[in-house]
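I set out to look up three places in this structure and to note what I found at each. The entries follow the view below.

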Amino acid sequence: MEWIIKNGFVYDPLNNVKGEKMDIAIKNGKIVSLSQVNEREAKVVDASGMVVMAGGVDIHSHIAGPKVNAGRIMRPEDHYKVYMRIMGNVRRSGSGRTTPSTNIIGYKYARMGWTTVIEPATPPLKTRHTHEELDDIPIIDKACFPLLDSNWFILNYLEKGEIEKCAAFIAWILKAIKGYAIKLVDPGSAEAWGWGKGVGLHCDEPIPGYNLTPLDIVKGLCKVNQILNLPHPIHVHCNRLGFPGNYTCTLETMDSVSGLAKNGLPSIHITHVQFTGYTGESWASVGSGGEEIAKYVNNNKHVTLDLGQVVFGEATTMTADAPFEFTLYHLSPGKWSNADVEVETSAGIVPYKYKRKNYVNTVQWTIGLEIALLVKDPWRVFMTTDHPNAGPFTKYPTVIGWLVSRKAREKTMETVNKRGLRKSALPTIDREYDLYEITILTRASPAKILGLEKEKGHLGVGADADVAIYNINPEKIDLSKDYKELVKAFKRAAYTFKNGELVVKDGEIVKHTYGKTYYVNCRIPSDLEKLVVDDVKAKFKEWYSVSLNNYVIGDEEIRSLKPLEVESSLK
Amino acid sequence: MFTFTLITGRTLEQGRNLEIGKFSKGYLNSVAVCEMAKEDMEKLGIKDGSNVKVKTAYGEVVVKAVTSASTTPGIIFIPMGAWANMVVNPNSQGSGMPTLKGIPATVEPTSEQVSALEDLISMFHKKPIKIDFSQISPPSSTSTASGEYNFKDVVCCFCGCVCDDLEVVVKDSTIKSVKNACAIGMAKLLNYNNERVYKPMIRKNGKLVEVSLEEAIEAAANILVNAKYPILYGWSSTSNEAMRLGVRLAELVGGVVDNTSVICHGPTVLGTQQVGVVTATLGQIRNRADLIIFWGCNPLHAHPRHTVRYSAMAKGWFIKGRKERKIIIVDVRPSPTSRIADLFIQVKPGRDYELITALRMAIKDHTIEAEEVAGVPRDKILQMADMLRSAKFGVLFFGMGLTMTTGKGRNIEEAIKLVQDLNEWTKFVILPMRGHFNVAGTNAVMAWLTGFPYAIDLSLGYPRHNPGLTSSTDILIRGDADAALIIASDPASHFPQQAIENLTRIPVIVIDPRWSLTSTIADVIIPTAFVGIEVDGVVYRMDGVPLKAKSIVKPPPGILSDEEVLKMNIKKVEEKKFGG
């Protein structure tokens with residue numbers, strides 16, 4: 001099928017296109033030059049007066065896996081009122097607001113014009129489950145990041161200083177469970193939590209049973225990442241998440257790897273930085289550490305971060321930071337779930353509601369926006385709500401509204417806790433993102449930081465034909481004043497293409513398809529691989545309750561697997 | 001005037017004989033029995049091994065009275081199965097779970113005979129087919145793979161333990177020997193061809209007639225498409241791949257999709273829906289737990305390798321073995337597992353909720369004024385509470401003793417809260433002992449595809465969940481379903497008789513490798529292959545760990561997997577609904 005998207009205002013930062021009127025041609029699932037397409041036979045989309053960009057790329061959203069599913073099961077109330085009906089042979093049914101079922105996830109992302117989403121935290125032992133759920137999410141392309149910071153093999157290698165063996169192990173495990181990047185969550189805390197400890201673990205505090213601190217783990221895995229030449233930097237959820245005063249931990253974590261940047265590429269990605277951006281000594285005095293964090297990021301090019309922006313209303317907190325969830329269960333009594341995974345990691349789930357009039361929730365709300373507006377380089381900041389922790393992904397258009405319009409922010413600020421506002425610089429910030437910067441934040445830069453910029457996040461020749469067309473006219477709209485129109489346009493895309501197929505038209509699903517799953521296949525010297533596999537075989541039976549052969553996930557188990565081939569620097 | 005409390009549940013022999021064959025004498029002899037205390041038998045003049053009639057407010061049944069060391073005066077135990085289901089209480093009190101334990105009963109000697117399995121349901125609307133197994137033989141195949149193969153790390157597909165260390169020798173396409181399996185796993189692997197169905201069949205004029213697969217699929221699709229409120233039930237003994245298709249099929253026909261957890265750990269879901277759940281994988285428990293509670297479960301019979309592989313006796317990384325652990329057993333009778341206990345707590349039937357509440361109070365040093373709670377002396381409760389608080393890592397394993405008895409989901413809610421409370425003191429987790437090898441998987445699949453883990457009504461085009469209303473047990477007991485697809489399960493053997501009666505009034509499709517009691521009242525039978533023996537399939541262990549069970553022998557000619565059969569059904573239904 002061939003398509004020509006005619007006459008739209010194209011925003012393509014990776015190719016320096018800033019709203020020029022251009023035609024985009026699609027053939028065999030890829031963007032091609034116009035000359036490649038038979039103009040008489042091709043189907044046409046008249047995108048006059050509309051904005052055209054690559055499909056959105058979300059680098060951090062909890063969409064699949066055992067803890068996501070545990071969230072669904074423990075929250076039937078989240079599914080009674082929000083649902084989608086089966087529609088003929090086109091659309092399937094589902095339910096859920098903050099813990100949506102798989103069909104809803106795919107459909108609602110596609111309806112907003114998003115086409116690639118990363119599940120950022122999967123426990124290796126249960127990652128077969130994560131892939132099954134990812135496979136049942138329609139339309140979008142996806143990948144998952146294995147949780148590695150409390151893995152016994154890794155902790156042992158790091159403690160002994162065996163960085164090369166650690167790197168070889170990580171190359172092995174990424175291949176074994178089809179993972180994409182190294183994920184750290186409150187590094188080391190999951191191992192402490194195996195004994196019920198680890199609440200509020202400090203960056204420089206030794207982990208029970210090991211001669212290692214969380215920062216040792218961060219530095220070690222950062223070195224491993226460089227050695228392996230992985231496409232994405234280490235993806236870090238800092239220690240002491242959710243504790244007043246924790247912004248210092250974030251700064252220390254970022255600083256710990258400042259000397260490790262290579263080739264001008266970032267060496268660390270701090271995720272949902274809002275949650276680890278608090279000043280103050282207690283909840284009564286908690287404030288925004290946004291300015292301090294933004295200052296550090298402006299002065300240090302080795303860091304990227306995503307926001308974890310709070311949106312008022314219902315949320316479900318779910319994270320591998322199990323000790324933190326135990327704390328939240330006490331702060332916000334209600335339901336609490338926990339699931340330890342032997343040898344590797346843990347997870348906690350606590351339903352939560354962000355309230356406008358709540359002092360702490362207001363402070364939290366200001367932080368993400370503050371950082372996004374104070375960081376000067378839009379290529380190192382990504383928009384997320386850490387779905388569903390700070391809010392559901394369906395609220396992305398609202399967040400975009402806040403970024404492009406000071407008026408939108410002021411409108412919300414009228415409704416929130418006034419004392420909380422005083423703890424943040426947000427009310428004083430005038431800056432407004434333009435559409436080009438929004439495109440960077442939501443497509444171009446996430447694709448780049450994932451190492452997928454060849455085929456994602458842009459509309460140049462050779463890119464996957466993942467295209468979003470929004471019904472807003474940049475020549476006629478004043479984003480600052482008319483942000484509501486922008487929000488409306490982003491809520492329901494006029495058209496969404498996935499791999500060259502039209503999947504959304506006028507904000508409705510018109511086709512049910514399945515995307516591909518990326519993983520990283522990092523090549524290491526075979527003798528080193530054998531050494532590490534022998535280590536794994538020796539300890540597996542003593543540590544794990546399953547056989548090594550059954551731990552490894554076969555290629556044939558995943559619907560459409562796409563490896564990213566990477567060459568390590570190991571000799 | 002009822003003098004006994006009836007409980008039902010698993011036994012090792014019931015499990016083993018189930019795999020050897022449901023229509024076998026061995027099965028009848030191990031399941032159509034009533035375990036009674038010696039003193040009670042003497043009082044009533046009942047000889048060990050003689051027949052008795054057990055009566056409840058809900059029915060009566062003739063079974064053989066036997067005694068054992070696991071009995072206690074006042075309680076009678078009938079293994080789960082169609083005989084027990086003649087007398088259980090069908091009321092689920094809005095939970096979806098009938099009352100399968102704690103039913104008041106009388107027992108009297110009788111000269112009547114024990115009914116054969118299919119005769120138990122012969123008084124209902126549709127006459128069950130009597131199967132002549134001597135007439136059934138496997139089809140001869142044109143080629144049999146020869147040679148001897150030694151399979152290692154085989155994933156066992158019987159119970160929720162999903163042991164993945166089995167070694168199976170296959171010679172000339174037949175399983176010759178099995179290492180590392182328990183008695184029940186072994187029984188399955190060596191007997192899976194017993195009572196097998198080899199050809200699709202349709203019921204015509206009270207007889208089952210062999211038909212082509214296409215004809216059977218067409219008949220099944222017609223039944224489903226023409227139904228207003230079909231139920232698609234079972235699933236727990238097949239793969240995730242099949243379950244994912246099952247949800248699609250249910251959505252297409254606007255039916256209710258439900259799995260066996262409705263009569264097993266459905267109440268555990270209900271408890272989790274109230275308060276969450278604090279748990280860990282089995283390896284974490286094996287490595288670290290120094291205090292293990294088995295509450296209302298009998299792992300030595302129902303999960304035979306559990307204590308050796310994952311819990312009481314297992315060798316862990318930090319905790320090296322039995323000597324470094326304390327075991328507490330809570331049960332209404334001295335179950336076979338209770339002999340491994342350091343502390344055995346005998347609780348009065350139906351009073352577990354009070355005992356758990358008392359423990360929660362004791363943990364927090366609240367004063368318990370009663371000298372005895374739920375039949376347990378206060379001192380013992382305080383002793384147990386101290387053991388729980390002093391543990392370094394405690395785990396509460398529980399089973400039907402909590403889910404099936406008075407309180408149902410509320411019992412589990414309270415047990416989870418006890419564990420949540422204990423986390424103030426020390427590390428503690430809770431884990432349900434899941435029955436079927438993939439009930440956890442089918443719950444997970446239903447949850448990610450619909451938002452709910454079982455009892456999902458799709459009749460309005462979107463998922464709705466309200467156990468008690470949308471649970472297949474209650475739907476059948478009320479007589480609201482007008483068709484049923486039964487797959488990888490045998491509800492005729494395990495649902496209360498009131499549900500079976502209504503099942504015989506509606507068209508029934510059965511998809512199963514073997515003959516079951518449900519097959520005898522089916523209108524369409526489609527035989528399929530065994531997951532983990534003949535076809536691959538992903539299954540989830542009781543702790544959610546996902547494993548891929550692999551095929552080690554080929555299925556008989558013409559026998560497809562559940563996956564393939566469901567795909568054909570879906571295609572047929574789509575054609576009928578949306579046109580070719």
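I began with the term patch, which I take as residues with over 30% relative accessible area and no salt bridge, like charges being joined within 9 Å and nonpolar side chains (Val, Leu, Ile, Met, Phe, Trp, Tyr) within 5 Å. A salt bridge is a side-chain nitrogen of Lys or Arg within 4 Å of a carboxyl oxygen of Asp or Glu. This is a predicted model, in which local features need pLDDT of at least 70 and side-chain atom pairs count only at pLDDT 80 or more. Residues are numbered from 1 along each chain as its sequence is written.

Entry one: I found a negative surface patch formed by A:Asp204, A:Glu205, A:Glu252 and A:Asp255. A:Glu252 belongs to helix α9 (residues 247-256) of chain A, and it counts as partly exposed because its relative accessibility is 35% (buried is under 20%, exposed over 50%, partly exposed in between, with a 1.4 Å probe and protein chains only).

Entry two: I looked up B:Arg286 in helix α8 (residues 282-288) of chain B, and noted that B:Arg286 is buried yet has no salt bridge, the nearest side chain of opposite charge, A:Glu342, being 6.1 Å away. Leaving aside neighbours within four places in sequence, its contacts (heavy atoms within 4.5 Å) include A:Trp543, A:Tyr544, B:Arg309 and B:Tyr310.

Entry three: I turned to A:Thr116 in strand β9 (residues 114-122) of chain A, which is buried at a relative accessible area of 1%. From C-alpha to C-alpha, A:Thr116 and A:Gly457 are 9.1 Å apart in space, although 341 residues apart in sequence.

Terms used: Chains are lettered from A and ligands numbered from 1 in the order in which they are written. Side-chain values use heavy atoms; hydrogens and water are left out. Accessible areas come from the Shrake-Rupley method with a 1.4 Å probe; for residues, only the protein chains shown count as cover. Lys and Arg count as positive and Asp and Glu as negative; His and the chain ends are not counted. The place of a charge is taken as NZ of Lys, CZ of Arg, CG of Asp or CD of Glu. Helices (H or I, at least four residues) and strands (E, at least two) are DSSP runs, numbered from the N terminus.
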